[in-house]
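Thank you all for coming, and please bring up the sequence and the model on your screens. I will go through a few parts of the structure in turn, and I will try to say clearly what each statement rests on.

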Amino acid sequence: MAGEQKLIAGNWKMNGTSAGATAFAAQLTAKLAGNAVKGELLVCPPAMLIGTLVAGFAGSAVAVGGQDCHAKAKGAHTGDIAAVQLKDAGCSHVIVGHSERRTDHGETDAQVKAKAEAALAAGLVPVVCIGETAAQRQAGETLAIVEGQLRGSLPADATAASVVVAYEPVWAIGSGAVPTEAEIAEVHGHLRAVLTSLGAEKAAIRLLYGGSVKGSNAGAILAVANVDGVLVGGASLEADEFFAIAASCP
Ligand code: PGA
């Protein structure tokens, strides 16, 4: 939450193998043993690699999370994973509403909110993702879009301790294009004002920035007002690069 440690979260998306995950955990824990970092670390691999990373990070401070969960606790939903199952596998967090899920699977704010509620019920911290498309930014709709997504996706009982929000402009994801620090500050400032208007319990919900974060730009992004961490895709796949981002924490 604001004022506390930054959260450095990795999202492997549909990448990685068991051998690669084992090597990643060994490399990252070795780096962390020699160089303490100020941030809190989280890695969200594909579901079948959760057990590998939980074992690989045992005894370290690196947390493991899922990339999605179903809104229901169990039942006839072939191919889906329940939040309670992620918790059982050793996860502490789960990403919900990533723009790739919203696009590939047509997930709506209401569905994302239901997934975030399921995560809370299972004792997981949902990382609720929001962000505008390039067309929406060009049309000057960014603040209205992200505010609508935030209001529509956030569980009613979300608090700074239980929920994280990630602002990820769709056009910055995997593209190498990053908003200016002023643009990030504008969106995060607006989201902070919306959270504050929703009450004291929500005011300090952590706001991550995501979209083409890498070792070379993480320090500047983490220094922007109201940026409480980063959600990292491509650059989280290599232990050295992910460590470099974590080492940028002020
Ligand atoms: P990227 O992805 O860092 O590869 O741009 C970020 C994300 O989608 O979470």
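**Two helices in contact**

Let me begin where two helices touch: Asp109, Ala110, Val112, Lys113 and Ala116 in H5 meet Gly148, Gln149, Gly152 and Ser153 in H7. If we sort this contact of H5 with H7 by class, it has 3 nonpolar, 4 polar and 2 charged residues. Please keep in mind throughout that this is a predicted model, and that every value I quote is computed from it.

For those who are new to this, two packed helices are described by the angle between their axes and the distance between the axes. Helix H5 covers residues 109–121 and helix H7 covers residues 142–153, and their axes come within 7 Å and cross at roughly 45 degrees. An angle under 35 degrees would count as roughly parallel, and one of 65 to 115 as roughly perpendicular, so H5 and H7 are oblique to each other. The crossing of H5 and H7 is, in addition, right-handed.

Now let us turn to the sheet. Strands of a sheet pair through backbone hydrogen bonds, either parallel or antiparallel. Which order do the strands of the barrel follow here? The closed barrel has 8 strands and runs S1-S2-S3-S4-S5-S6-S7-S8, with parallel pairing. Neighbouring strands of this sheet are turned against each other by 25 degrees on average, with direction ignored.

One pair shows this in detail: strand S1, residues 7–11, and strand S2, residues 40–44, pair in the parallel sense over 5 bridges. Within that pair, Ala9 stands opposite Leu42 in S2, and Asn11 stands opposite Cys44 in S2. How many of the 5 residues of S1 are buried? The count is 5 of 5, so that S1 is described as mostly covered, where buried means under 20% relative accessible area. Leu7, Ala9 and Asn11 point one way from S1, while Ile8 and Gly10 point the other way, and all are buried.

Helices also lie against this sheet. H7, which we met a moment ago, lies across strand S5 (125–130) and strand S6 (164–167), and runs at about 150 degrees to S5. Helix H11, residues 239–246, packs on the sheet as well, touching S1, S2 and strand S8 (229–232), and its direction makes about 155 degrees with that of S1.

Next, a word on the backbone in two loops. Most residues other than glycine have a negative phi. Lys13, however, has a positive phi of about 55 degrees although it is not a glycine, and its place is in the loop between S1 and helix H1 (18–34). Asn226, likewise not a glycine, has a positive phi of about 70 degrees, and lies in the loop between helix H10 (215–222) and S8. With a relative accessible area of 28%, Asn226 is partly exposed.

Finally, is Ala83, in helix H3 (residues 83–88), buried or exposed? At 1% relative accessibility, Ala83 counts as buried. Leaving aside residues up to four places away in sequence, Ala83 touches Cys69, His70, Ala118, Ala119, Ala122 and Leu124. The C-alpha atoms of Ala83 and Gly34, which are 49 residues apart along the chain, are separated by 34 Å.

Definitions and conventions
Residues numbered from 1 in each chain as written. Predicted model: local features only at pLDDT ≥ 70, side-chain atom pairs only at ≥ 80, totals over all residues. Heavy atoms only, no water. Axes fitted to C-alpha atoms, helices over the stretch in contact; angles between N-to-C directions. Helix = DSSP H or I, 4+ residues; strand = E, 2+ residues; numbered from the N terminus. Parallel < 35°, antiparallel > 145°, perpendicular 65-115°, else oblique. Left-handed = near helix turned anticlockwise from the far one by under 90°. Contact = heavy atoms within 4.5 Å. Nonpolar A, V, L, I, M, F, W, Y, C, P; charged D, E, K, R; others polar. Pairing = 2+ DSSP bridges. Buried < 20%, exposed > 50% of the residue type's maximum accessible area, 1.4 Å probe, protein only.
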